[in-house]
Amino acid sequence: MLKGIAASSGVAIGRVYKLESPVIEVNNDFKGDAEAEKERFTKALEKTVEDINKVKEKAANNLSAEELAIFDAHLMMAQDPEFASQITDMIGQGNTADYAAKSVSDMMISMFESMDDAYFKERAADIKDVSYRLLCNILGLTIPDLTTIDEEVIIVAEDLTPSDTAQLNKKYTLGFCTEVGGRTSHSAIMARSLEIPAVVGTATVMASVKAGETIIMDALEGVVITDPTPEQIKEYEEKKEKFLEEKKALQVLINEKSVSTDGHEVELAGNIGGPKDVEGVVNNGGEGVGLFRTEFLYMNSELDFPTEDEQFEAYKAVLEGMNGKKVVVRTLDIGGDKKLNYFTFPEEMNPFLGYRAIRFCLDRKDVFRTQLRALIRASVYGRLCIMFPMIATIQEFCDAKAIYEEEREKLIAEGVKVADKIEVGMMVEIPAAAVLADEFAKHADFFSIGTNDLIQYSMAADRMSEKVSYLYQPLNPSILRLVKMTIDGAHKEGKWAGMCGEMAGDPNAAPLLLGLGLDEFSMSATSILNARKIIRSLSKKDMEELAAKAISCQTEAEVMELVKATLK
Ligand code: PEP
Ligand code: MG
């Protein structure tokens, strides 16, 4: 049994799909029949062409014509008669198919790499790609490709990047399990919005499981069971059933209010990464979108920053999908672990503390202005709120807001219809902003507390590192005090305070956040109904007392004890 971190609840039982590139080992110890060897090569080459066509077909929906042309270059290369005849000639001279294919490919790669012309230099990469695929086919090795999965599997990987996670097909992905990562790494957050069970931070899963074997992944407890007995499979099938039944039972709360027993109402909203997540928020009774992480629009774009019109369509779709309910869109929060194909971030020792989010946007105002224009144009389709990520100083907020105002004025002058009121707020995820919240509240229309980063920066503990995950303590009194300062700061100026970090959906945090006066809780859509159930069972007045006790505790463990006693 392997222990990891339960990152997205559920139970999965299924065959392992290992996301790992096979290592090519060629062997030229050839004693067989040259004709049979040539046949092995020809079949592998045919399969290579088929594979490239399949990948191209699958990618056709997401890529532009220009990007798809790369696959045509690969096909041309795989179907080049000269390439094939050089390999068959070498096989005829007594070499194995793998050795011949590798030798011819290596020769071509070094020839192209040594050319001066940039175009031909780049072709070397195409040859590498095609010959790797060909060699895998000759040797009977499978190249993992998340987009071509067409049966139910549990994906096992060292790590999944946010863009890997974006490619997961929910229909076939029973769950995923990684060696690295924590509860607030982006792949974990995405797993929750896709409702895919996930266990992360297992450290050794890759070495512990083989492709194709059946495993049990209990993403409620954060464990993976290899080589399960029939009894264990039965036990976990029952556990899975029970989990799904409990989830279904919560459906009765879909249209109910999120109100405490003494009549205090809060707003429960959902976090999304794009228009297709809106359905999940609506189906789970979300009262709005409290965080639209727009960076996924940028990460899914292959060649360049998404255009104003592309963004406009996405924002419009979300606003319309939420049917007049509040939608908080966060402007581009790129950098850290979130990379772009078409933009190279500077090498930094600490990218999480570096050139990212609003810092990047205030530097690349062209990119920022395009996003703001798209947002302001979309504002007439619903109730839009805009917020800026990673604000550290009042100057940053005012600079960002001024750019927003300029774009708004420009659009109005151009005769474009814009909403009368767009609230402009900020994420509170840097301790400096939490400490100065009462001053920030004089400028911002609202706050949304980003506890994923706020905890990371307060504890100086990388949120992606399972090694220091013991420091990720949402209920530590120091964090509760920062949350309280932020909420009190907002209320002093008559503004509202929300929370869109994962803490907002943590059942153990709910009583404290209710007591501290949080107005809006935004979480993974699948956590909304359970949060509603909890809020509806608590008295705001009692929770105020609980919160007061909690912030004067010394340790997270003491706070947890208070909370457990309350929830019981
Ligand atoms: C946060 O930091 O809490 C947050 C919501 O933003 P992200 O997880 O995207 O950094
Ligand atoms: Mg953040």
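**Close-up views of selected sites**

**Figure 1. Ala460 lies in the loop between α18 and α19 (477–492).** The coordinates shown here and in the following views belong to a predicted model. The phi angle of Ala460 is positive, about 50°, although the residue is not a glycine. In general, most residues other than glycine have a negative phi. Ala460 counts as exposed because its relative accessibility is 70%, the threshold for exposure being over 50%.

**Figure 2. Met390 has a positive phi, near 60°, in a residue other than glycine.** The residue is found in the loop that links β12 (383–388) to α15 (394–413). The relative accessibility of Met390 is 0%, and the residue therefore counts as buried.

**Figure 3. Two protein donors, Glu429 (OE) and Asp453 (OD), contact the magnesium ion (ligand 2).** They lie 1.9 to 2.1 Å from the ion. The pair links distant parts of the chain, its members being 24 residues apart. Glu429 belongs to the loop between β13 (423–428) and α16 (431–435), whereas Asp453 is part of helix α18 (residues 451–459). Both Glu429 and Asp453 are buried.

**Figure 4. Pro306 occupies the loop between α11 (295–299) and α12 (308–321).** With a relative accessible area of 6%, Pro306 is buried, since the limit for that class is under 20%. Leaving aside residues up to four places away in sequence, Pro306 touches Leu297, Tyr298, Ser301, Gln311, Tyr342 and Thr370. Gly354 lies 48 residues from Pro306 along the chain, and the C-alpha atoms of the two are separated by 23 Å.

**Figure 5. Gln371 is placed in helix α14 (residues 365–378).** Its relative accessibility is 0%, so Gln371 counts as buried. When residues up to four places away in sequence are not counted, the residues touched by Gln371 are Thr294, Tyr298, Gln311, Tyr315, Arg330, Thr331 and Leu332. Tyr298 and Gln311 are thus among the residues touched by Gln371, and they are also among those touched by Pro306.

**Figure 6. Helix α21 (residues 528–535) is largely enclosed by the rest of the structure, because six of its eight residues are buried.** The buried residues of α21 are Ile528, Leu529, Ala531, Arg532, Ile534 and Ile535. They pack against two strands, β9 (267–272) and β16 (520–523), and against two helices, α20 (510–516) and α23 (556–567).

**Figure 7. The protein chain, given as context for the close-up views, has 23 helices and 16 strands.** Its C-alpha trace spans about 85 × 65 × 40 Å along the principal axes. For 568 residues a compact globule would have a radius of gyration near 24 Å, and the 27 Å of the protein chain agrees with this. Of the 568 residues, 54% count as buried. Where contacting residues are at least 6 apart in sequence, 69% of the contacts join residues at least 24 apart. The chain exposes about 25,200 Å², of which carbon and sulfur atoms supply 51%. There are 64 positive and 94 negative side chains, and the centres of these two sets lie 6 Å apart.

Conventions: Residues numbered from 1 in each chain as written. Chains lettered and ligands numbered in written order. Predicted model: local features only at pLDDT ≥ 70, side-chain atom pairs only at ≥ 80, totals over all residues. Heavy atoms only, no water. Helix = DSSP H or I, 4+ residues; strand = E, 2+ residues; numbered from the N terminus. Rg over C-alpha atoms; globule rule 2.2 N^0.38 Å. Buried < 20%, exposed > 50% of the residue type's maximum accessible area, 1.4 Å probe, protein only. Contact = heavy atoms within 4.5 Å. Areas by Shrake-Rupley, 256 points an atom, 1.4 Å probe, with all protein chains shown as cover. Lys, Arg positive; Asp, Glu negative; His and termini not counted. Charge placed at Lys NZ, Arg CZ, Asp CG, Glu CD. Donors = N, O, S within 2.8 Å, 3.2 Å for Na, K, Ca; no water.
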